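Subject: A structure for you to look at

Hello,

Here is the structure I promised to pass on to you. Please open it next to this email and follow along as you read.

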Amino acid sequence: MKRLNDLIGLPVVSSQDGRILGNLTGLRLKSGGAEILGMCVRTAGLRQRRLVASAQDTLMLGDMSAVVRRLSDVPPAPAWTPQPGQRVLSTDGGLLGLLSGALVDCDHMQVVALEISRGALDDFRMGRLWVRSFRGSDERIIASPEEIDDGEEGDA
């Protein structure tokens, strides 16, 4: 398991010729769920573009790089991209906090938990929340209150 923040910025390498294609900038998740459909990549060079490597084209997501067969212009849809600072609501509509990270199972291409910040003071006093059960979209994330853990459990 790896933190999403540790994956961001990793070089994305071509399996064909070993050339660096760009850097990982985020993940695209199945609409409403935690299954990783692809990785967002900013290409290297003067003409930087934002492309996507589908989960099927991702051969390895490791400590030092991601190895892919190819990049595509078309993002997998329908999908959503978890963004730091995105509001996380409970099922009753109350604000739990802001998304600050995620825990990723790279072997199974799944996000297993989201990290939620309740604010600097509360984070310092009580730690961040880790949510295992959630549904998300680009507009909002909703988490089930029964599936919330306090503290450092996500530090794998």
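R128 and D123 join their side chains in a salt bridge, with 3.1 Å from N to O. Please keep in mind that this is a predicted model. The two partners differ in how much of them can be reached from outside: R128 counts as partly exposed at 31% relative accessibility, while D123 has 13% and counts as buried because the cut-off for that word is under 20%. The pair also belongs to a wider group, since R3, E115, D123 and R128 are linked in a network of salt bridges. As general background, side chains of opposite charge can pair when their charged atoms come close.

How many salt bridges does the structure hold? The count is 10, and two others are worth finding on your screen.

Start with R49 and D73, whose side chains meet at 2.8 Å, N to O. R49 sits in the loop between β4 and β5, and D73 in the loop between β7 (66-68) and β8 (79-80), so this salt bridge ties together parts that are 24 residues apart in sequence. R49 is partly exposed, at 35% relative accessibility. D73, with a relative accessible area of 54%, is exposed, because that word applies over 50%.

Next, look for E35 and K30. They form a salt bridge in which the closest N and O atoms are 3.9 Å apart. Both ends are described in the same kind of terms: E35 is partly exposed with a relative accessible area of 33%, and K30 is partly exposed with 43%.

Now for the strands. Is strand β4 (residues 36-43) largely enclosed or largely open? Seven of its eight residues are buried, so β4 is largely enclosed by the rest of the structure.

Strand β4 has a pairing partner on the way in and another on the way out:

- With β3 (residues 20-30), β4 pairs in the antiparallel sense over seven bridges. R28 stands opposite G38 of β4. These two strands form a hairpin with five residues between them, and G32 in the turn has a positive phi of about 85 degrees.
- With β5 (residues 50-54), β4 again pairs in the antiparallel sense, over five bridges. Here C40 has V52 in β5 as its bridge partner. This hairpin has six residues between its strands, and G45 in the turn has a positive phi of about 105 degrees.

You can trace both hairpins by starting at β3, going through β4 and ending at β5.

The last topic is empty space inside the model. Rolling a probe the size of a water molecule over the atoms shows where empty space is left. A search of the whole structure finds one cavity of 30 Å³ or more, and the volume of the largest cavity is about 40 Å³.

Which residues line the largest cavity? They are L4, N5, P82, Q83, P84, L99, S100, G101 and A102. Two elements, α1 (4-7) and β10 (95-105), each supply at least two residues of this lining. The most comes from β10, which gives four residues. Sorted by class, the lining has five nonpolar and four polar residues, and no charged ones.

Have fun exploring, and write back with any questions.

Best wishes

Notes. Residues numbered from 1 in each chain as written. Predicted model: local features only at pLDDT ≥ 70, side-chain atom pairs only at ≥ 80, totals over all residues. Heavy atoms only, no water. Buried < 20%, exposed > 50% of the residue type's maximum accessible area, 1.4 Å probe, protein only. Pairing = 2+ DSSP bridges. 1 Å grid on protein atoms, 1.4 Å probe; cavity = no way out; pocket = protein on both sides within 12 Å on 5 of 7 lines; lining within 4 Å. Points joined across faces, edges and corners; volume = space filled by probe spheres on them. Nonpolar A, V, L, I, M, F, W, Y, C, P; charged D, E, K, R; others polar. Salt bridge = Lys/Arg side-chain N within 4 Å of Asp/Glu carboxyl O.
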